[in-house]
Every structure is written in structure tokens, then in C-alpha cells.
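Let's take a walk through this one together, starting with the empty spaces and then moving on to the details of the backbone and side chains. Have the model open and turn it as you read.

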Amino acid sequence: MTALLVSLLLTVCPTAPLQVERLPDLNVPRLGHSVFCVGGEVVAAGGHTTGFVPTQTAEYYRDGQWHLIETAYSHDHGGAAVMPSGQVLLFGGHEQALGIGQTFTLELYDPAAHSFKGYGCLERKRCFANTLLIDSGRIVISGNWYQDDCIELYDGSRQCKFVKPVTQHRSVPHIIRTASDNAIIFGSRDIHADDFDTIIVDRLRGEPFTVPLFRTWRPVCPLPGSHGSCFIGDEARGDYTSLIQVLRGDSLMAIAKVTGEDFSLLPTTSPIPMRSQWSRICWYAPVVVDRSRGRAYIVGYGENYPDDSGDHRFYVAAIDYQSTPAPVTLLYSEPVDSAGRWYPVLTDSGDLMVVGGILQQNNNYEAASTVFLLHVGIEKTMELQENRLPLWLWIAIASLLLLAAIIMTVILRRRRPAPSLLHHTDTGDNELMERICRYMDEQQPYLSSELKVQDVADALGSNRTYVSNCIKNTRGCSFTQFVNTYRVEYAQQLLRRHPGKKISEIWTASGFSSESSFFRAFKTVTGKTPKDWTAEK
């Protein structure tokens, strides 16, 4: 009972008010534009304006106002990448109004001169693509819309270079660094915005692979044009780690950590909230990282915005990723009208700026001109203790929970049914199974060969009978078989990524207690021996 109370208290996400400042409006309402911070200035470039008409303009924010300048191309739903020189490469986008076609266009922005100039061309016409800077200035580009995709590189010349075809033609893919000269490309949607049944990860250098985590969690598509904002690693130390959002169904969100080519869930003190006291929260933006503070942000808005009856608040989930588990704080604003939804940019002050964007879901004809500054970086570190509920309220909640538990215990003892009637409902089984899977994904307890059903029950505040029966009822297998499935998937990752490892190292690292149990479980799960399975990859 004590473990259950502690578990309930720890899963409550602390909240805090979010100060939102409305800045001067853009000169041109815009959507499908690129937003970046360079030279201390936030720049909104290209896109389309009201009426779904491309605009060959950009504007930069300085001295409290937006300054309008011309671009060579509109880059409506194109992409952008800030280069080591401080210049910005813009590319692609729709060819015509109404989001029709794609373009080859390349363009350079010089922040010192506040000027744009046409520069060269892509290897392939593109829009709804994404990009990532690697090593000494090369830029990886991939993604497309109603047009075949491939992986290409910008290396400073006027013509981008074809690298290789892709195994899945994607729109707005994730591009994640895995080494100084390598990256992986993946996404959940194809070039027609249909979900993939199986998500395959392409390597810039190397063969494609699948990720066990994506069998139960799906990566959330970043918005077009977002570029490398999710990196939390340290290149100087050879640490290439990034954060992305992942979803399970429509009601559970988490943060996945990608270190090199290893995917796992980031342990957090509480789940990412999907509801506030006012409405459901719609998380729409990619992860934005402030590496100087060790904090990651995702931005959302209230349900049914901008309807009169909707929730007009900004929401920000702040994750202090350097702690284990990572504290999560839900920041909420007062209602804000006329706010557009577009990916936020991190300013030099550590705040988030939302510039223009979409006003109504699936309506590209009404672009926003409004600009809002979300003050998440006013304090250098967030004092979570100030954001948590007062101590007296925690004590009151704990006391009420304890009293309720005592009352329920007394009632159950007086009215205990016959043993044959003691079972979970289907709903209870599904809820418990979801908690079990989340625990397995996040904590990876299966890597211990000593794992027992009682260990899982204790961690979840349940009991061994409920956990064992839940697995049997929902998965049709024993606890050992269920755990071995995770171990085999982990072993497959090791075999794929470290082909030179000895088989004894593989089964030991995967949580098996003996070589024979490893071979038996591997054959049961995959239908093949490890040797045969590896030979086919």
C-alpha cells in the first residue's frame, strides 16, 4: 500500500504559470515558413501568406520591430539550416500557390548584410523536407511530398550531391546525428501523409534497420523546416544524443532518447501530461533543447483552439533531461487569442518565440501574423519546489489516499468473493498491461537475468498474481516468455550493430542466464538461430 501511495504521488506532474508576451506583428502573415535564430536575431523567411499565396519575403526582429526584406525564392514548406559560417541555407518548397509542386531552389542568407541570394539547386525537387548539419559544414537533406525521396548532401557547392535512395519515401522525417560524419533518417508518415505499418531507419552511411521501440511507440513527425533543435549531446566528447517525442495510441506521450543508434525512453518523474484542468493538450511542436540549461521543451495548445469554446492557452512541457529520472513541469499561460501554431525557436535569452503559423487545423488559407514570446528562460534554473503543490496539500492528499485505502481494505475483507471470482476486468488488464510495457521500455529491467514477476509487481505497486495473470490474459504467454521477447529484441539490436561481438557477450548483455536459454528463446521468437538470422540481415 505504501508503494502504491508513493507511486501515485510521484506521477503527479508539477505545474507553473507561463508568462507570455505578445510582440509586434509580422509585416506579412505567414505559414510554411522557416524560422531560425542567427546573429542574435530571429528571422522568419518565406512560406505563404493569406490566400495560400507564396511570399518572396523574409523579416528579422531587431530593436523591437520586424524589418521586411526580399528573398530570391518563397521556399513555401521548404527547409533551412544554419551553417558554421553563420550563413543560412534555405532550400526547396512548393513551386506554385495552393501548395502545388516542388522546387530545386537553393538560397543563402547573410545575417550581417540582411540579404538573400539565389545560390544553386537541389539534386531533387523537394518540399516537406528536413535537414541536419553534420561534421565540418556538410548538410544532410531528406524528405518530400507527393514526390520520390532520396538522401542528398550539401557540401558548399552549387549542386547538392545524391547519396543514396531511401527504403521508405517520407514526409518531414527526423534526421538525427549518430557520429560526426553519419546520421539516421526515419519518420512515421509517407509522402502522402499515410502512416507506415513498419518504421525503417535509414543510415547516411550503412544499411537500414528497424527499432524495437517503434513496435509500441511511434515517433511524432516534426514540422517541416525544423532543423537539429533536439540535440543534447557533446560533439567534443563523441556523445551524439538527441530527444524526440513518441506516442503510444492517442493518449500516451513520452520522450525517446536516441544515443548513436540506440533508442530508449527517457525516464521521467511523471508522464508528459495529455490534459490540463481546462482541456486536452495538443502537443504539436518538435522537441527544442536549451543545452546551456540542460532543459528540453515541447509546445502545445488547448483543445478546440481557436473556437470560441476552445482552450486558448499555450502549454509547455519542460523536461530537465540531465537528471535521472528527468523532472517534468507543465507550464500554462492565460488564454491568448490569435496565436498561430508553428514550431518555436529558441532565442539567445533562452525563451521560446512562436512566429506566425497556422490559425485553424487543415486551413492553409489563413496565416497568422502574430508573434509571441514564451518566457521559459527568465530564470537560469527552474525551482521545481516552488512549482509543486504546497506541503500541506501533499499531506492532505496522502492522508485522504491512505484513509480511502484503509476503508477499501476493510470493505474487501468483509465482502471478499470466492477465489474463482477474483480476476481483472478486460479494462483493468489493458491498463495494467500498458503500465507493464511502459516499465519494460523505460527501465529495461529484462536486462537483469535475476528479474522476477515479483520485481515488476513491486515496481508497479501491484501484486505478482495480477501481473502474471494480466500478461497471460493479454499476451497469451507466461511472464518468462514475455520477458524473453524483450531480451531477444535487445539481442537483435546488438547483433545488428555490433556484428563482431562474441555470442557469449550478446546473451549475457541481453539478460539471459545461460547460452541454452538464449538459443531456445531466440528460435522461439524469430523462428531462426542467431547465426541464421544474422546471415539474412
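How many cavities of 30 Å³ or more does the structure hold? There are 3 of them. Keep in mind as you look around that this is a predicted model.

Take the second largest cavity, with a volume of about 60 Å³. Its lining includes three tyrosines you can pick out by number, Tyr284, Tyr301 and Tyr305. Also in that lining are the consecutive residues Asp311, His312, Arg313 and Phe314, along with Val336, Ala339, Gly340 and Arg341. Sorted by class, the lining of this cavity comes out as 6 nonpolar, 2 polar and 3 charged residues.

Now for the open space. The largest pocket has a volume of about 1,300 Å³, and 36 residues line it. If you want to put yourself in the middle of the pocket, look for Arg189, Cys221, Leu223, Tyr284 and Gln361, which lie nearest its centre. Tyr284 is worth a second glance, as it also appears in the lining of the second largest cavity. Strands β21 (218-219) and β25 (281-283) each give at least two residues to the pocket lining, and β25 supplies the largest share, 3 residues. The class tally for the pocket is 22 nonpolar, 8 polar and 6 charged.

Next, head over to helix α6, residues 464-475. With 12 residues at 1.5 Å a residue, α6 should span 16 Å, and its end C-alpha atoms are indeed 16 Å apart, so the two agree. Which residues of α6 are buried? They are Val467, Cys470 and Ile471. These residues cover an arc of only 95° around the axis, so they sit on the same side of α6. That spacing is a familiar one: an α-helix has 3.6 residues a turn, so residues three or four places apart point the same way. On the other side of α6, Lys472 and Asn473 are exposed.

The ends of α6 are worth a look too. Asn463 caps the N-terminal end, with a side-chain oxygen 3.0 Å from the backbone nitrogen of Thr465. After the helix comes Gly476, with a positive phi near 70°.

For a buried polar side chain, go to Ser142 in strand β14 (residues 138-142). At 0% relative accessibility, Ser142 is under the 20% cut-off, so it counts as buried. What does its side chain contact? The Ser142 side chain makes a polar contact with the side chain of Asp149 at 3.1 Å, and it also reaches the backbone oxygen of Cys150 at 3.2 Å.

Last stop: some backbone oddities. Most residues other than glycine have a negative phi, and most peptide bonds are trans. Against that background, look at the loop between β8 (65-70) and β9 (79-82), where you'll find His75. Phi of His75 is positive, near 50°, and this histidine is buried, with a relative accessible area of 3%. His77 belongs to the loop between β8 and β9 as well. His77 has a positive phi of about 60°, and it too is buried, at 6%. The other exception is a peptide bond: the one from Thr324 to Pro325 is cis, with omega near -5°. You'll find Pro325 in the loop between β28 (314-319) and β29 (328-332).

Note on methods
Residues are numbered from 1 along each chain as its sequence is written. This is a predicted model: local features need pLDDT of at least 70, side-chain atom pairs count only at pLDDT 80 or more; totals for chains, interfaces and linings use all residues. Side-chain values use heavy atoms; hydrogens and water are left out. On a 1 Å grid over the protein atoms alone, a cavity is a set of points where a 1.4 Å probe fits but cannot get out, and a pocket is an open set with protein on both sides within 12 Å along at least five of seven lines; lining residues have an atom within 4 Å of a point. Grid points are joined across faces, edges and corners, and a volume is the space filled by probe spheres set on the points. Helices (H or I, at least four residues) and strands (E, at least two) are DSSP runs, numbered from the N terminus. Ala, Val, Leu, Ile, Met, Phe, Trp, Tyr, Cys and Pro count as nonpolar, Asp, Glu, Lys and Arg as charged, and the others, Gly among them, as polar. The expected span of a helix is 1.5 Å times one less than its number of residues. Buried means under 20% relative accessible area, exposed over 50%, partly exposed in between (1.4 Å probe, protein chains only). The arc is that of the directions from the helix axis to the C-beta atoms. A polar contact is a pair of N or O atoms within 3.5 Å; within protein, one must be able to donate a hydrogen and the other to accept it, and residues adjacent in sequence count only if both atoms are side-chain atoms.
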